[in-house]
Amino acid sequence: MLNKYALVLTSIKGIGVKTFSYLIPESLKEIIQIGQPVLVPFGRMGLINAFVVGFSNYLPENIKAKNISKILDTTPIFDIDYLKFLEWVADYYFCSIQNVIECAVPMKFLNTEKKELSQKFIEFVSFENATKRQKEILELLQNKGKTDLIEFEKEAKTTRTTINKLAQSKCLKITEEQIYRNPLNIFKTQELQDFPELLPEQQEAYSQIEKRLGTHSRILLHGVTSSGKTEVYFKAIKKVLESGKNVLFLAPEIALASVLTKRLAKRFGTDITAIWHSSISDGEKFDVWQKIKNNEIRILAGARSAVFAPLKNIGLIIIDEEHESAYKQTMPSPRYDARTVAQKLAEYNNCPILCGSATPDINSYYYAKNSNNLLEMKKRYNDYPMAKVKIIDMREEHFRANNGIFSRALVNAIENNLKDKKQTIILMNRRGFSTYTQCLACGEVIECPKCAIPLIFHSQTQTLKCHYCEHEETLPEKCPKCGSEALKNCGTGVQKVEIIAQKLFPDARIVRLDSDSMSKKNQHIEILEEFSKGNIDILIGTQMLAKGLDNPNVTLVGVINADNSFNLPDFRSCERGFQLLTQVAGRAGRGDNPGEVYFQTYNPDFFALETAKEQNYKSFYETEIQAREDFDYPPFSKIIRLILSSKNQYRAERCAQEIAMRLNDIVEKRQISEPLAILGPCACIIEKLQEKYRFQILIKNKLEDKGHRFILNFLSQVKLPDDIKLTVDVDPLDIL
Ligand SMILES: [Zn+2]
Ligand SMILES: [Zn+2]
């Protein structure tokens, strides 16, 4: 029997993404399918766009359904398997399927009124090489003046492919920003690059991967920095493509995905390669989506959201720099982790997932080791030695009357490096000028009025900024509490390091790299490019420095305060600190010149610092995994974090207590309070955020799926008053 009603998904301004039921007219009953775009009547808005997501024969009594007006395209945009996959994500992360669809499917695909982008980025260059149709388009463009791609596509009734062709034939110029987001906009492979012969270690890793193709294994390629992991990936990709299957390749952020896409295109061709991330335009997404459906795209590279692209027949999923926290989306919901979702995707496709890192996530290493899927590469490419790391005990510096933030040894090393015309990287992993502003008369520390954390002074703007919300205010002249003028900016941030470095090395070309130094979105790409051209002597920055910098002229790395990464009140802080120090140390000595690294510290015997000095992951892992086991932290449990927040502190706390009590009752009755431990409630470390008080309950689940479902079932029955918000974070990356 044919279905009477169709469930359609819409995205309406002010209402959000929601599903509604509509009657299927007789004429459409034979052709209607899941995933088709349709037009439906919606109140005073008239006809609106929607997707078919389900069918039924019954409706609740009080609902009267209207007819579907039209099927816009009989070819579905997605299929039932894809919906099931998104449903799994919604279940696992405890959010609605609508929420996941909104994040996964570019809902603006079909909106008749596309939002116009503000930036105009096409420049008109010449008509010479254009065909007749292209000339028409160019004329139209010229008449309209410079315009943006989306508007242009609509106006000229053209496609992204035509625009790309125009750009490639140099009739159009597309801005840096656009190229940065999608290098394939102007890049066309003429001749494919050759594959180099793999070194023995690479070859061994590759053959282990080859053995696992066609199985659902989770492989970890642990290779020291600069060991040549990419060539191993590329050979595996080649093998998978030859077998007729496709490859999904994830990188932790857009900039890295962009560089990667270009490398892939050079090796495998622009026609079969595509990029996917949150910043490519809907027009580009639409193009890629269509090509994926026609199986024209064989390699899809992208940042975390690419895990939702509808790529089919996947033979391999690669996750590079798999330890990066950017794979997890914390805000907004769905709070998914692309690594976990990719694992599910690999399961559906019965293909392996290949994770790579020099400093793997503790969990990944644990699982790989215990499932015999751990591959190691211990040598740097071309046998370049690892950089020598020296630990500088800053207590001794103070004892010898040096109270500066640069030790004498580091200053000497920088001076020598400048003389040798080599480049230096200085890491100070704290934004801003100082770390807090205090009144020396009464002791008051100036806090954000919306969040219970200190405001941080920024020297360029002469303002105090909150690093957790948007709040910004001018630095007051007097203490807001006692009126004294003795306000002091205490502690050290990266801006202070920059100013001091300029005084110490007045002739050096010094540039700062952090999220505050960027006025444009892609400015860090420009800075990194200037640095790689040798136009910067000393690059000072936050953790942004530690990623992907591959510059053979860098021979010195200095870490100003190696301790501050370890001091966060979070069970992952040792892991994060170790990763950051090892990664940044790996930036030195990537060419013929040996590298030198200095860690300045007040705690030189700390195990994570010592193992980072030796760049000995295994030794770090062994100590860390023991601590995790002792305290039942992942991988020995899985954590679900509940946050109850409200403007009313008392109500938020009471609500949290009640939920914790009910949960405790049930687990005790079922005698599972040991494997399903309910901790809290307690105030979050960031007690107040954006005017809301926050209380958390941590659940340590050692019952795997069973425990997960138990908690989610419980939560689905929780009813909360309107003024209290419950946030569920499954496998949270921090517990601040
Ligand atoms: Zn005061
Ligand atoms: Zn704030």
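## A walk through a six-domain predicted model

G577 sits in helix α17, which covers residues 573-585. Keep in mind from the start that this is a predicted model. Is G577 buried or exposed? Counting C-beta atoms inside 10 Å gives 22 neighbours, so G577 is classed as buried. Setting aside residues within four places in sequence, its contacts are S565, F566 and A608. L609 is 32 residues away from G577 along the chain, yet their C-alpha atoms are 8.2 Å apart in space.

### The domains

Let us step back to the whole chain. The domain assignment divides the protein into domain 1 (5-110), domain 2 (122-174), domain 3 (200-381), domain 4 (384-430 + 494-630), domain 5 (431-491) and domain 6 (638-730). Domain 4 is thus given in two segments, 384-430 and 494-630, with domain 5 listed as 431-491. Between the C-alpha centres of domain 1 and domain 5 there is a distance of 50 Å.

### A six-stranded sheet

Which strands make up the open sheet, and in what order? The six strands run β15-β25-β24-β16-β23-β22, and their pairing is parallel. At the edges are β15 (388-393) and β22 (510-513), each of which pairs on one side only. Neighbouring strands in this sheet are turned by 20° against each other on average, ignoring direction.

At the β15 edge, the partner is β25 (residues 596-601), and six bridges join the two strands in the parallel sense. Within that pairing, K388 is found opposite E596 of β25.

Helix α15, residues 494-504, lies across three strands: β16 (423-427), β22 and β23 (538-541). Relative to β23, α15 runs at about 155°.

### Strand β8 and its partners

Another strand worth a look is β8, made of residues 218-223. Six of its six residues are buried, so to speak a mostly covered strand. In a regular strand, side chains alternate between the two faces of the sheet. In β8, R218, L220 and H222 point one way, while I219, L221 and G223 point the other way, and all are buried.

Which strands pair with β8? One is β13 (residues 353-357), which runs parallel to β8 and is joined to it by five bridges. Another is β14 (residues 374-377), also in the parallel sense, with four bridges. L220 is a handy landmark here: it stands opposite C355 in β13 and opposite L374 in β14.

### Helix α10

Helix α10 takes in residues 282-293, and its length can be checked. At 1.5 Å a residue, its 12 residues should span 16 Å, and the end C-alpha atoms are indeed 16 Å apart, so the two agree. Buried residues of α10 are G283, E284, K285, V288 and W289. Just past the helix, N295 has a positive phi of about 55°.

### The nonpolar cores

The largest nonpolar core holds 165 residues, and those touching the most other members are V8, L250, L300, L316, I317, A342 and L354. Beyond residues up to four places away in sequence, L300 touches L248, A274, W276, A306, A309 and L311. Another core, of 11 residues, lies apart from the largest one and includes I446, C451, L464 and C466.

### Backbone details

Most residues other than glycine have a negative phi, and most peptide bonds are trans. Against that background, two non-glycine loop residues are worth finding in the structure. A401 has a positive phi of about 65° and belongs to the loop between α13 (394-399) and α14 (408-419). Why does A401 count as exposed? It has 6 C-beta neighbours inside 10 Å, and a residue with 12 or fewer is classed as exposed. K421 has a phi near 60°, again positive, and lies in the loop between α14 and β16. K421 counts as exposed because it has 9 C-beta neighbours inside 10 Å.

The cis peptide bonds are set out below.

| Peptide bond | Omega |
|---|---|
| P634 to P635, cis | near 10° |
| G680 to P681, cis | near 10° |

P635 falls in the loop between α19 (617-630) and β26 (638-646), whereas P681 is part of strand β27, residues 676-689.

Methods
Residues are numbered from 1 along each chain as its sequence is written. Chains are lettered from A and ligands numbered from 1 in the order in which they are written. This is a predicted model: local features need pLDDT of at least 70, side-chain atom pairs count only at pLDDT 80 or more; totals for chains, interfaces and linings use all residues. Domain bounds come from an automatic or database domain assignment. Two strands pair if DSSP finds at least two bridges between them. Axes are lines fitted to C-alpha atoms, for helices over the stretch in contact, and angles run from 0 to 180 degrees between N-to-C directions. Two residues are in contact if their C-beta atoms, placed from the backbone, lie within 7 Å. The expected span of a helix is 1.5 Å times one less than its number of residues. A residue is buried if 20 or more other C-beta atoms lie within 10 Å of its own, exposed if 12 or fewer, and partly exposed in between; C-beta atoms are placed from the backbone. A nonpolar core is a set of buried Ala, Val, Leu, Ile, Met, Phe, Trp, Tyr and Cys residues joined through C-beta atoms within 7 Å.
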